[in-house]
Amino acid sequence: MSLLSLRSRHGAVAVIAALLLATPATAKPAPEGFADLADKLLPSVVNISTTQTVKPEKQHERSTPGRPQFPPGSPFEEFFKDFFNRESPQSGKPEAKPRKATSLGSGFVIDATGYIVTNNHVIADADEITVILSDDTSLKAEVIGRDTKTDVAVLKVKTDKPLVGVTWGDSDKARVGDWVLAIGNPFGLGGSVTAGILSARQRDINSGPYDDFLQTDASINRGNSGGPMFNMDGAVIGINTAIYSPSGGSIGIGFAIPAALAQPIIEQLKATGKVERGWIGARIQPVTDDMAESVGLDKTRGALVAAIDPGSPAQQAKLQPGDVILTYDGKPIERSRQLPRLVADTPPDKVVKLTLWRDGREYEADLKAMALNSNRAAPPAPEPEKPKTPAAVDALGLKLAKLSPELRKQFSLSDGAKGAVVIEVPQNSPGAAQGLRAGDLVVAVGHAAVANPEDVPGLVAGAKKAGHKNILVRVEREGNTRFVALPTETS
C-alpha cells in the first residue's frame, strides 16, 4: 500500500471522528407525537364568534365581487343578474334591510378569572362577541381593551366553571427550527391542532410600526387568527395573526405576534383598557453598508436619525439628523426596526441612556421619553426665506441649483423649503439608483446643513480627504427627509 493511500485512509478516519465529535449533544429528536401535549392545551383554547349589523349598501358591495361569471348571452347570466340586482339600491326596487353577519376566530384563556386574548381584527366592529369553550359552553364576552397597532385585544367572560389559563413562554429564546403547535378554529372547525416548526424570526410584513413576527409552517387558516402558538413545553410564544396565501388557504407561511411583544400590551389592556407608549420624536431609517462606511462605522448596525421633531425629547437631548443610535437604554440596536419597539415599551418620563455615533466617534446622551400622542399638533412651518437668484453647481453626480421663486413654483416647493434643489439626475448614476429625482432638496451633507449648492463640493472633498468612499446626504421630498449614501468620487 502506498504512503498516499495510507494518508488518505487516515485522513478519512480523522474526518469521520471529527464529525462524530461535532454532533451537538443537546440536539433534540423529533417528538413521537403531540397527543399528550394537545390534551393538556386544548381546554385553554377557545373559539370566538362575532356578529355585526351589515348595512344595505355594504351588502350590495359584498355580493358584487362574488357574482358568478357566465358567457355573454347565457341564460344563467340573465338569471344571476336578476338575482343579484333584486335587492340592489340601484335596481329601483326596495332596498334590502340591514342583516346580521357572523365571523369566526380563535383565542385563549390567560387566567382563571376569565380574561381571554385574541386579535383585534377578529372582534373589530362586532356588535356581539361569543366565546365558545372547549366543552361547547357559549359565553358572552365584553371587550376590555384593544390595540390596533399590534392587533391584540383582551376580552372578559363570566362563568362559574373553572377556566384553564395558559402559561407564557419566552419567544426571544425560540430558535428557528424549533417545533411549535397551533390550536384554533380554522373555517369554524374548532379545536384543530396543527404542528410545524418555527421557520423564521423578526419578520416585517408591513402590517404596522412594530412588526416583529414569528413565521411558522404549522397550518394556519382563516379562523385561526387570535389562537396561540405553543412551544414543546406547552407555553405560548406567539399569537397566530396572519398568513401569506395567494389562494386564501395555508401554504405553510403563517405569522404570529411574539409573546415578548404581546405580553406587556396585554397587561396594560387588562389594567387600564388602553396602551400607553413612549415617544422620543426621532424619525429613523435603516443603516445600509454604504451609509456605515460613509460615517466610519465598523459594520452595518444601529438606527439612522433622519429627522427630529421640534420640541421633542430627541431635540431636548440634542440629537441631530445623521446620528446613528447604537444602543437604547442599554440594549444594542442591530436593526433599525428594534428601536420603535424599545421606545414604545418605555414608560413616559423615564430617562434612558443612548449611545450615538457622530463624527466618527461614540457619544452618550440622556433622554427623557414622553407619552406618544397620535393627536400631537404638527410642528409649525418655518419662516419663509426671501427668494434668491438661482445658481447651478455639479456635485455628487447631481446638478444642484439655488432655490428661486421660479424653481419653487416649478417643483411645488413651499416658501419655507431650504437647501439646494436637484434640477437634474443623470440616468444610471448613483443618485438615480437611490431614487433621487429633480425637485428633491439636498438639505445636509453629513452633519453640515446645506444653504447653497456651493457648500456641497467642499463637504464632499473633506469626506474624500478623510478616506471615505461614500458620504451621507440628507434629502427632503414633500416634507419628508431621508439619508442616502452617495460616492465621493464621481466619473
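Biologist: Is F213 buried or exposed in this predicted model?

Modeller: F213 counts as buried, because its relative accessibility is 6% and the term applies to residues under 20%. By the same reading F255, at 7% relative accessibility, is buried as well.

Biologist: How should one read aromatic pairs, and how many does a search of the whole structure find?

Modeller: Two quantities describe a pair of aromatic rings: the distance of the centres and the angle of the planes. In this structure the search finds three aromatic pairs. One of them joins F34 and W179: the ring centres are 5.6 Å apart and the planes stand at 55 degrees, so this pair is tilted. F34 belongs to the loop between α1 and α2, whereas W179 lies in strand β8, so the pair ties together parts that are 145 residues apart in sequence. Both rings belong to partly exposed residues: F34 has a relative accessible area of 22%, and W179 has one of 32%.

F213 and F255 form an edge-to-face pair, with 6.3 Å from centre to centre and 65 degrees between the planes. This pair links distant parts of the chain, since F213 is in strand β10 and F255 is in strand β13, 42 residues apart.

Biologist: Which residues lie over the face of Y363?

Modeller: R358 lies over that face at 5.5 Å from the ring centre of Y363, and R361 lies over it at 4.5 Å from the ring centre.

Biologist: How does one read a helix, and which residues of α6 are buried?

Modeller: An α-helix has 3.6 residues a turn, so residues three or four places apart point the same way. Helix α6 runs over residues 259-272; at 1.5 Å a residue its 14 residues should span 20 Å, and the end C-alpha atoms are indeed 20 Å apart. The buried residues of α6 are A259, L261, A262, I265, I266 and L269. These residues cover an arc of only 145 degrees around the axis, and therefore they sit on the same side of α6. A271 and T272, on the other side of α6, are exposed. After α6 comes G273, whose phi is positive, near 80 degrees.

Biologist: Where is the place of S49, and which residues does S49 touch, not counting those up to four places away in sequence?

Modeller: S49 is in strand β1, which covers residues 45-54. With 18% relative accessibility, S49 counts as buried. Leaving out residues up to four places away in sequence, S49 touches S103, L104, E128, I129 and T130.

Notes:
Residues numbered from 1 in each chain as written. Predicted model: local features only at pLDDT ≥ 70, side-chain atom pairs only at ≥ 80, totals over all residues. Heavy atoms only, no water. Helix = DSSP H or I, 4+ residues; strand = E, 2+ residues; numbered from the N terminus. Buried < 20%, exposed > 50% of the residue type's maximum accessible area, 1.4 Å probe, protein only. Contact = heavy atoms within 4.5 Å. Phe/Tyr/Trp six-rings, centres within 6.5 Å; stacked < 30°, edge-to-face > 60°. Lys NZ or Arg CZ within 6 Å of the ring centre and 35° of its normal. Expected span 1.5 Å × (residues − 1). Arc of directions from axis to C-beta.
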